[in-house]
Structure formats: C-alpha cells, structure tokens
Amino acid sequence: MDRGSSISFARFCRYALVASTAWCIWTPPLHAEQARPILTIPAGTLRSALDALARQSGISIGMAGSLPDLRVRRIDRARDVGDALRRMLAGSRLHAVRIDATTWRIEAVPLSPSRPLRRRAPPPDLASGDIIVTASKRDERLSDLPASISIAGGPVLDRLAGRRGLVDVMASTDSAFSTNLGPGRDRIFLRGVADSAFNGTSQSLVSLYLDDARIGYAAPDPDLRLVDVDRVEVLRGPQGTLYGTGALGGVVRIVTVAPDLDRFTGSAAIEGTGVANGALGGAVEGIVNVPILPGTLALRASGWSETMPGWINDTERNRRDVNRTRRIGGRAALRWAFGDWHATLGGVAQRIDARDSQYATDGLSRATRIAEPQDNDFTAATLTLQGPIGKLDVQATTAFVDQEFGSTYDASVLAPSLGLTAPLAYIEDRSAQLLSQEVRVSDPTARHPWIVGATILHSTSRLDGRFMATGGSSAVTARRDEEDVIDAALFAEGTQQLTQTLDFKLGLRAFSTISHLEQVDPDRERAARVGVTPSATLSWHRDDLGLVWLRYASAVRPAGVSRTAPVNDRRIPGDELQSLELGWRIRVGGDRLALHGAIFGSNWEHLRSDTVGADGLLGTIDAGNAVNYGLELGGRLDLAPVAIDFGTTLQRARLTSTSSGVTIYDDDRRLPVVPDISARLAASRSFDVRGLPAQVYATARYIGRTRLSFDPLLDRPAGHYATIDTGASIDMGRRRWSIDVANLLDSRGNSFGFGNPFTLDSMTQTVPVRPRTITLRLAIGL
C-alpha cells in the first residue's frame with residue numbers, strides 16, 4: 001500500500017470511529033426495566049460474583065494480590081451490598097471492609113495468636129491481581145483493564161533506598177527506559193518511543209501525573225522523591241484519547257496515599273548511603289496524618305531531606321566526588337468530606353541542587369576548568385473535587401505547576417570566537433509553568449460503562465542562555481526563547497458488551513492546539529493544529545483464565561518551530577503516532593503463574609528530535625518518519641515462600657525516512673536511547689528470624705546496545721551492560737531495618753546521557769552507571 005493510500009485509510013478509520021463513538025457510549029441497556037437491578041448474584045467463581053455485584057450496584061471492589069479460586073453459590077435478593085458480600089465470603093476466611101460510600105476492600109480475616117498465619121511471598125512488584133487502578137480515569141479492576149500496564153507497589157518502592165526516584169522505578173518495568181543525565185534532568189521513554197537524549201524544548205513523549213494532576217509538559221522529570229506513595233502506574237503505548245497531546249509513549253501516574261479521615265498515623269525513616277570510590281550520603285523523611293475533624297477533615301503531610309553522594313572526580317580542579325546532589329522537599333494534602341462528596345487540596349515543593357555534572361571522559365574522572373552545577377526547583381498545587389450527581393460520578397481537577405531548572409557548562413572552547421577570555425561558562429536558565437483544568441463524568445452503574453470529559457491547559461516555557469566570562473564581568477546573550485501553548489479538548493470513551501466474554505471499547509478525543517514561539521530571531525512564529533485521536537479495543541475475558549485484547553490507539557504532539565532550521569522552513573509539523581497491539585494478562589495453575597505481554601507495532605510520522613547545533617546550543621528538527629515493532633513478555637511465578645518476577649522486551653525502532661537537512665548513517669537508523677533488547681529477573685524469599693518476618697531479594701537487569709543521537713557527529717554507543725541489585729529486610733514491630741546493595745558487581749556500563757554539549761563532538765564523554773552503592777535504612781512507625 002502506497003503512502004497516500006495509507007493516509008487515506010487512516011483517515012477513513014478515524015472518521016468511522018467518530019461516527020461510532022456516540023453509539024458505543026449512549027446505547028441504552030438491553031432491558032430498561034433493569035435500571036435499578038435487584039442484588040441477585042448467579043453461582044460461579046468469586047471473581048465472577050464480585051464482577052456481577054460491581055455491575056449491579058456500581059461499587060468498586062478490590063483486593064491486594066490475586067483473588068482465591070473459590071466457588072460461590074447463587075445469592076438471591078440480598079438486602080444491600082454488605083449483605084451480599086457477607087453471604088458471598090461466608091466460610092472463606094475473607095471479609096469485606098467498607099472504605100467509603102462506593103468502595104470496598106476484601107481482606108483476610110486476622111487469625112488468633114494460637115493460629116499463626118503462614119507467611120507467603122509479598123505482593124507482586126508488577127501487580128497482576130484484582131487491585132483497583134485509575135489509569136482509565138475511572139476506578140477499574142486491573143483484571144478488567146485491556147491495556148499494557150505495570151503497577152509498581154510496595155515491594156518495588158521499598159527497594160528504592162538510596163535515591164527513591166521515578167527513574168529507579170523504570171528499571172523494574174518492562175519496555176521503560178530513561179536517560180541518566182542526573183537528578184532532575186532525566187527524560188523517560190516507554191515502548192521504544194524516544195526522540196533524543198537531550199533536554200531541549202520539545203514536549204515530553206510521556207505524560208507525567210501526580211494523582212489526577214498533570215505535572216509535566218515541556219520539561220524533564222522533576223525527580224520527586226517517592227515518599228508516602230501508594231503505587232506508580234505505568235501505562236505503555238499511545239494514550240492520546242484520555243490523556244491528550246504528548247502521551248505518545250504512554251503515561252506514568254504517581255498515586256499518593258490519601259489522607260485518612262479517622263486515624264492519627266505517622267512514620268519516620270533515616271538512611272545512610274555509601275558509594276564505592278565515592279562519598280557518603282543519607283536521607284531523612286517523615287510522614288504524619290492528622291484527623292482535624294474525625295470523619296470530615298484530615299491533613300496528611302510528608303517531608304524529606306537527602307544528600308546523594310558523588311562519585312565523579314575532576315582532575316583539572318583537583319576535586320573529588322563533584323556530582324554530589326542535595327534534594328529537599330515536602331508534600332501536603334487536606335481532604336474534606338461533605339456528604340457523598342470530597343475535596344482534596346494538595347501541594348508539593350522540592351528543590352534539587354547538583355554541584356556538578358556526572359559525566360566522565362576517563363573511567364570515573366574528567367577535567368574541566370569550571371564547575372558545571374545543575375538545579376531543578378519544582379512546585380505544584382492541585383485541587384480535586386469528586387462526588388455523585390444522581391447515578392453519575394463527577395470529578396474536577398485543577399492544577400498549577402511551576403518548574404525552574406538551570407544548567408552551567410564549561411564553554412571555554414568558544415572563548416576566542418566570542419572575543420571573551422577563558423575560562424568561559426554557558427549559563428542556561430529555564431522555566432515551565434502549566435495551568436490545567438479537567439472535568440469528567442462517568443456512570444459506574446451503567447450496563448455500558450462510559451466516561452466523557454473536557455480539559456484545557458496553558459503551558460508557558462522560557463529559556464534564557466548566556467555566555468559568562470571569568471569573574472562575571474562580561475556576558476553575551478546566546479538565546480532567549482518563550483513558547484506559549486494553549487490546548488483544549490473534549491474526550492469520550494465507552495464500552496459495549498458484545499457477548500458475556502467479549503467487549504468492545506471505543507474512545508475519541510477532539511483537540512485544538514495553538515503554539516506561539518517568540519525568540520531573538522525570528523521575532524514570533526505561530527503554529528496551530530486541530531484534530532482527533534481515536535482508540536478502539538476488542539477484549540476477551542474469562543474469569544478462570546484472564547484477559548486478551550486487540551487495541552488500536554493514537555497520540556500526537558502539537559506543531560512546533562525550529563530555532564536551527566532555515567528561516568523559510570522553521571515550522572515543524574506535529575508528531576503523530578498510531579499503534580496496534582495484541583496484549584494479554586493470563587493466569588495458569590490456580591494463580592500460581594501469571595503471564596502478561598504484548599505484540600505491538602507503531603508508525604510515527606514527523607518525529608521531532610532535539611539535537612546539538614554547531615554552536616553547542618540545542619535545537620529542534622523534524623527527523624522524519626519511524627516505525628517500531630516488538631514483543632513484551634513478563635510474568636510472576638509464586639512458589640511460596642519464593643516469588644520470581646521476570647520480563648523481557650524485544651523491539652526494532654528505526655527511522656524509515658528522513659526529512660530534508662537530516663544526515664544519518666544509512667546502515668544505522670536506530671532511534672536513540674531505546675535498545676533492541678532488555679531483560680530483567682527478580683527473586684524474593686520470605687522467612688522468619690526468631691519469629692520476626694524477614695525477606696531477601698535479588699534482581700538482575702540487562703540493557704542492550706543503543707545510541708545517543710541521530711547526528712553521526714554526536715552519536716555515542718551506550719548500553720550493553722548488566723547490573724545486579726540485592727538486599728534484605730526484617731520487621732521488628734514498628735521498626736523495619738533494610739539493607740540494599742545496588743550494582744553489586746560494580747558494572748562500568750555507559751548509560752543513556754551526555755555531558756558537555758560544547759565538547760561532545762571533540763572528546764569521548766560517558767555517563768557511567770553509578771558504582772556499587774550500599775544503603776542502610778531504618779523506618780519507624782509512630
């Protein structure tokens with residue numbers, strides 16, 4: 001099929017989906033008289049019984065881990081949800097706990113001291129059980145969600161001692177990668193959708209959320225320390241329908257622990273960290289939950305202060321461990337419940353200060369004439385209002401984000417051409433503000449579950465770069481850019497039950513984006529785009545086996561303007577990515593073995609990439625078109641008290657055609673940062689030490705070969721290394737001791753990053769994997 005036919009077919013599919021969306025969402029129930037169903041649950045498995053109860057009553061029911069394989073007798077005319085759950089769980093050693101008006105949790109009945117509970121392996125790192133997730137913007141059981149999603153819960157977060165950043169979570173997730181430029185400077189990529197390792201002005205390819213608020217647009221990962229976090233949801237593949245522009249690779253949601261309206265709780269932790277051939281560091285953190293008006297108003301707050309030890313030496317200035325970094329911050333949430341509604345006002349602030357870069361030119365050392373400090377200051381405020389209107393569930397979220405980050409580089413090589421004296425520094429200050437508002441409505445009791453919503457965001461990004469001579473007496477302005485983006489959209493998604501085991505889900509987002517770029521030359525450029533991003537999913541599910549789905553999805557980035565292109569060719573078309581995947585989450589052997597994976601393929605048009613210009617400054621280009629296809633395969637084997645997690649990603653992400661003015665090697669069309677192969681393996685064992693619960697674990701990860709940039713002059717090989725982490729923990733009542741050893745074998749692999757853009761083409765720069773690091777942590781419950 002030629003290119004014109006391919007585009008015409010894509011447009012045909014898109015408009016066909018537009019015409020079908022209303023039918024899928026608003027199709028009335030097959031039996032109108034069942035609008036208010038009687039709670040009668042047919043006989044079957046516990047899973048099918050809970051599903052029937054949820055559909056009839058509109059409640060959300062969750063359980064950590066997997067549901068047991070239990071048979072449930074038919075339940076006729078239950079008085080209410082509580083009565084139905086009591087009859088359903090009778091004799092099972094399980095009981096249901098009501099969380100709020102529409103949420104229940106199933107837990108094991110505590111045993112008496114004379115009947116000690118046999119300890120089993122901990123919950124899975126990448127959950128496959130019946131927990132409630134909100135990746136689809138409404139509460140939904142993971143076992144019912146036809147999407148490639150990974151859940152990093154307690155076990156993964158507990159093992160992040162020594163840094164506890166989002167990029168560390170990516171190491172335990174299939175098909176997820178990040179750069180290694182340093183804290184507060186990294187970029188995250190999912191499922192082979194990567195454009196560059198450089199931190200230019202292009203919009204991010206992964207949408208980052210804190211609870212329901214978007215906190216990233218055209219800025220690097222703020223690297224929030226994951227304190228008092230319930231889980232991290234990683235949704236792979238384009239998510240343009242529900243999450244809008246920029247979600248080409250997927251979505252990452254950090255879900256925090258909500259304020260408890262009834263109980264006073266608190267905890268504290270302290271860490272000590274040492275790096276081989278490096279320095280010492282540590283961290284302290286604390287959490288407190290205070291019911292101000294029990295049952296009505298509560299405040300939850302957390303704070304942290306951390307010193308990340310350095311391990312890079314500078315021989316020119318005779319300094320050791322120059323990349324030492326400080327991170328300090330806090331988060332607070334005030335929750336108010338009134339009737340069936342609740343409002344949550346939240347805020348987070350964090351400051352990262354790195355006293356130097358973390359690249360090297362020889363082993364773990366380099367030589368620079370001046371220090372190259374980096375910083376990232378992040379502040380966000382959010383307000384979420386949620387509650388019912390009749391049978392409908394309504395939620396409105398408002399968020400404001402301010403992120404300021406700066407970099408300093410040794411630019412002495414340019415001093416003669418600028419007429420300045422060496423040493424010469426290039427100082428770049430950037431800021432990004434994001435204001436967003438989203439309102440959505442869903443019907444959790446509908447026979448055909450649906451959600452509709454509207455969103456608008458306003459993003460403002462500023463960049464000020466200047467060359468500064470020794471002593472700060474002379475300065476030359478290098479660039480001054482300001483980009484203003486307004487994005488408004490309407491979205492909808494609905495599910496039509498075709499048969500008892502077959503569902504069809506259809507979604508559509510209509511958007512309008514207007515971008516203005518103002519800079520030194522040209523003065524002002526404007527780019528606008530109006531379009532739709534559809535999605536469609538056909539899923540097959542069976543309670544005793546699992547879920548299989550076929551999904552089409554799409555996402556876009558708005559049109560942009562290039563600073564480095566010729567004057568008449570500065571407008572860059574918006575990216576557009578379309579993807580098709582066949583995915584599955586299945587259980588074998590009575591939930592002993594859980595398998596998940598996907599076969600996927602994607603087509604990416606007008607791939608926008610940041611690159612380094614001849615003057616050492618970052619610019620943006622339209623690199624051309626690309627494709628990626630591959631296989632994700634992972635799972636969990638429960639051999640209590642041992643649990644084994646594994647996963648691998650095989651993919652082939654390549655440019656298929658290049659735009660004018662882009663030069664690449666004909667025999668190397670790989671996309672940067674993402675390798676063709678990666679794999680992980682983790683094992684944990686639970687046991688008792690003198691009656692105290694303890695655990696040991698070990699994880700291994702291999703990263704295949706990859707590259708830094710499309711530009712042959714800037715390209716550097718990276719990847720092709722393996723790391724092993726291990727650790728142990730023991731619970732002593734309210735105290736929990738743990739020790740974690742990262743990079744046990746002290747691997748010296750070159751990770752995804754670069755150092756100084758002004759010398760990148762003239763010397764070999766590497767960003768070594770952090771050497772062996774040992775962290776001792778003590779957590780105390782108050």
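Two strands count as paired when DSSP finds at least two bridges between them. With that in hand, welcome to a set of close-ups of this predicted model.

**Figure 1. Strand 16 pairs with strand 17 in a long run of bridges and a short hairpin.**
Strand 16 and strand 17 (residues 297-308) run antiparallel and are joined by eleven bridges. To find your place along the pair, look for Val-290, whose bridge partner in strand 17 is Leu-299. The two strands make a hairpin with three residues between them. In that turn sits Gly-295, with a positive phi of about 80 degrees.

**Figure 2. Strand 15 is joined to strand 16 by a second hairpin.**
Here strand 15 (residues 265-275) runs antiparallel to strand 16, and ten bridges hold the count for this pair. Glu-271 is a handy landmark, as its bridge partner in strand 16 is Ala-283. Four residues lie between the strands of this hairpin. Asn-277 takes a positive phi near 60 degrees in the hairpin.

**Figure 3. A nonpolar patch lies on the surface, with strand 16 as its main contributor.**
The patch covers about 740 Å² and is made by Phe-264, Val-288, Val-290, Ile-292, Leu-293, Leu-299, Leu-334, Leu-345 and Leu-383. Strand 16 (residues 280-293) gives the largest share, four residues. Val-290 and Leu-299, both members of the patch, are also the bridge partners shown in the first view. Leu-383 comes from strand 22 (residues 374-389). With a relative accessible area of 42%, Leu-383 is partly exposed.

**Figure 4. An open sheet of five strands shows mixed pairing.**
Reading across the sheet, the strand order is 8-13-14-11-12. Its edges are strand 8 (149-152) and strand 12 (213-214), each of which pairs on one side only. Within the sheet, strand 13 (residues 229-236) and strand 14 (residues 250-256) are antiparallel and share seven bridges. Arg-231 has Val-255 of strand 14 as its bridge partner.

**Figure 5. Glu-233 takes part in salt bridges with two arginines, Arg-231 and Arg-253.**
The side chains of Glu-233 and Arg-231 meet in a salt bridge of 2.9 Å, N to O. Glu-233 also forms a salt bridge with Arg-253, where the closest N and O atoms are 3.1 Å apart. Glu-233 belongs to strand 13 and Arg-253 to strand 14, so this pair ties together parts that are 20 residues apart in sequence. Both Glu-233 and Arg-231 are buried, and Arg-253 is buried too. Zooming out a little, a network of salt bridges links Asp-212, Asp-230, Arg-231, Glu-233, Arg-253, Glu-438 and Arg-440. In the whole structure, a search finds 37 salt bridges.

**Figure 6. Glu-482 and Arg-462 form a salt bridge between strand 26 and strand 25.**
The closest N and O atoms of Glu-482 and Arg-462 are 3.8 Å apart. Glu-482 lies in strand 26 (residues 475-497) and Arg-462 in strand 25 (residues 450-468), so the salt bridge ties together parts 20 residues apart in sequence. Are these two residues buried or partly exposed? Glu-482 is partly exposed, at a relative accessible area of 31%. Arg-462 is partly exposed as well, at 37%.

**Figure 7. The loop between strand 18 and strand 19 holds Arg-319 and Asp-321.**
Arg-319 is placed in the loop between strand 18 (313-314) and strand 19 (325-338). On the surface, Arg-319 gathers with Arg-324, Arg-326 and Arg-355 in a patch of positive charge. Asp-321 is found in the loop between strand 18 and strand 19 as well. Asp-321 is not a glycine, yet has a positive phi of about 50 degrees. With a relative accessible area of 9%, Asp-321 is buried.

**Figure 8. Backbone details include two cis peptide bonds and a positive phi at His-606.**
Most residues other than glycine have a negative phi, and most peptide bonds are trans. The bond from Ala-422 to Pro-423 is cis, with omega near 0 degrees. Pro-423 lies in the loop between helix 7 (415-418) and strand 24 (425-442). Another cis peptide bond joins Ala-640 and Pro-641, with omega about 10 degrees. Pro-641 is placed in the loop between strand 34 (618-639) and strand 35 (642-658). His-606, in strand 33 (residues 593-612), has a positive phi near 55 degrees. At 25% relative accessibility, His-606 counts as partly exposed.

Definitions and conventions. Residues are numbered from 1 along each chain as its sequence is written. This is a predicted model: local features need pLDDT of at least 70, side-chain atom pairs count only at pLDDT 80 or more; totals for chains, interfaces and linings use all residues. Side-chain values use heavy atoms; hydrogens and water are left out. Patches are made of residues with over 30% relative accessible area and no salt bridge: like charges are joined within 9 Å, nonpolar side chains (Val, Leu, Ile, Met, Phe, Trp, Tyr) within 5 Å. Accessible areas come from the Shrake-Rupley method with a 1.4 Å probe; for residues, only the protein chains shown count as cover. A salt bridge is a side-chain nitrogen of Lys or Arg within 4 Å of a carboxyl oxygen of Asp or Glu. Lys and Arg count as positive and Asp and Glu as negative; His and the chain ends are not counted. The place of a charge is taken as NZ of Lys, CZ of Arg, CG of Asp or CD of Glu. Buried means under 20% relative accessible area, exposed over 50%, partly exposed in between (1.4 Å probe, protein chains only).
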